[in-house]
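Me: Could you take a close look at one part of this model for me, the nonpolar interior, and walk me through how it is put together?

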Amino acid sequence: AFREFCDELLKDDILTADEEQRLLTVAKVMDIDQEKLQTQFRDVLNHLVVARVNDGRLPVLEGAKILIKMGLVAHASMAANLMKEYVLREYQGAYGGLSFRIAKGVRFNTGGVRGKSVVVGTELKIEDKGLLTVTSQRVVFTGTRKTVEIPLPKLVTLDIYTDGIRFHSTNRKNAVLLSLESGEVIGAIVNAATQKMV
């Protein structure tokens with residue numbers, strides 16, 4: 001019943017302040033607290049966050065794990081994996097040459113094997129595990145071995161996936177690909193934060 005109510009409420013993918021208040025009242029009556037939202041209704045919660053951001057109301061995160069400069073705000077933080085694409089290669093070749101019979105059961109071969117290394121595909125592997133934080137000015141991945149910072153004004157495009165996001169920016173040669181719980185939530189927050197800067 002709660003899912004159906006939320007689906008009806010979020011048909012337009014926008015959650016206004018009045019609709020949010022109605023939702024909180026219904027959740028309280030149905031005995032759905034924050035813990036149940038985080039576990040049983042995690043997909044609904046993610047949809048609610050995106051719809052709230054679509055209404056122009058960005059979340060404010062207290063106690064971010066990175067240093068926040070005065071006047072700036074952290075909007076979201078999520079566990080993430082920094083991914084790297086590896087090229088898979090294979091050696092392909094063929095034998096070239098002649099074979100002469102010298103005696104019964106004995107042959108002499110000339111020539112050899114010639115070939116080259118050929119790309120047969122790619123594979124994604126986890127390069128580092130850490131935390132992705134979105135602030136009002138930048139996106140920061142802090143891992144155990146690497147730290148990646150992308151200022152929002154340098155962002156060119158976002159590729160949003162259900163379980164990941166790829167950032168293309170002018171200050172980086174290669175795009176940054178992260179796997180995380182919800183690419184849609186982070187994508188909506190980054191998009192809204194970028195628009196607020198303009």
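Reply: Happy to; here is a walk through the buried parts, beginning with the cores. This is a predicted model, where local features need pLDDT of at least 70 and side-chain atom pairs count only at pLDDT 80 or more, while totals for chains, interfaces and linings use all residues. Residues are numbered from 1 along each chain as its sequence is written, and side-chain values use heavy atoms, leaving out hydrogens and water.

The largest nonpolar core has 27 residues. By nonpolar core I mean a set of buried Ala, Val, Leu, Ile, Met, Phe, Trp, Tyr and Cys residues joined through side-chain atoms within 4.5 Å; buried is under 20% relative accessible area, exposed over 50%, with a 1.4 Å probe and protein chains only. Leu132, Phe167, Leu178, Leu180, Ile186 and Val190 touch the most other members. Helix H5 (183–197) is among the elements that supply at least two residues, and H5 gives the most, with seven. Helices (H or I, at least four residues) are DSSP runs, numbered from the N terminus.

A second, separate core of 14 residues includes Phe2, Ala27, Phe41 and Val44. Phe2 also belongs to helix H1 (residues 2–9), where Phe2, Cys6 and Leu9 are buried. Seen down the axis of H1, these buried residues fall within an arc of 65°, so they line one face of the helix; the arc is taken from the directions from the helix axis to the C-beta atoms. Exposed Glu4 and Asp7 sit on the face of H1 turned away from its buried side. The buried residues of H1 pack against helices H2 (17–29), H3 (34–39) and H4 (42–54), with contact meaning heavy atoms within 4.5 Å.
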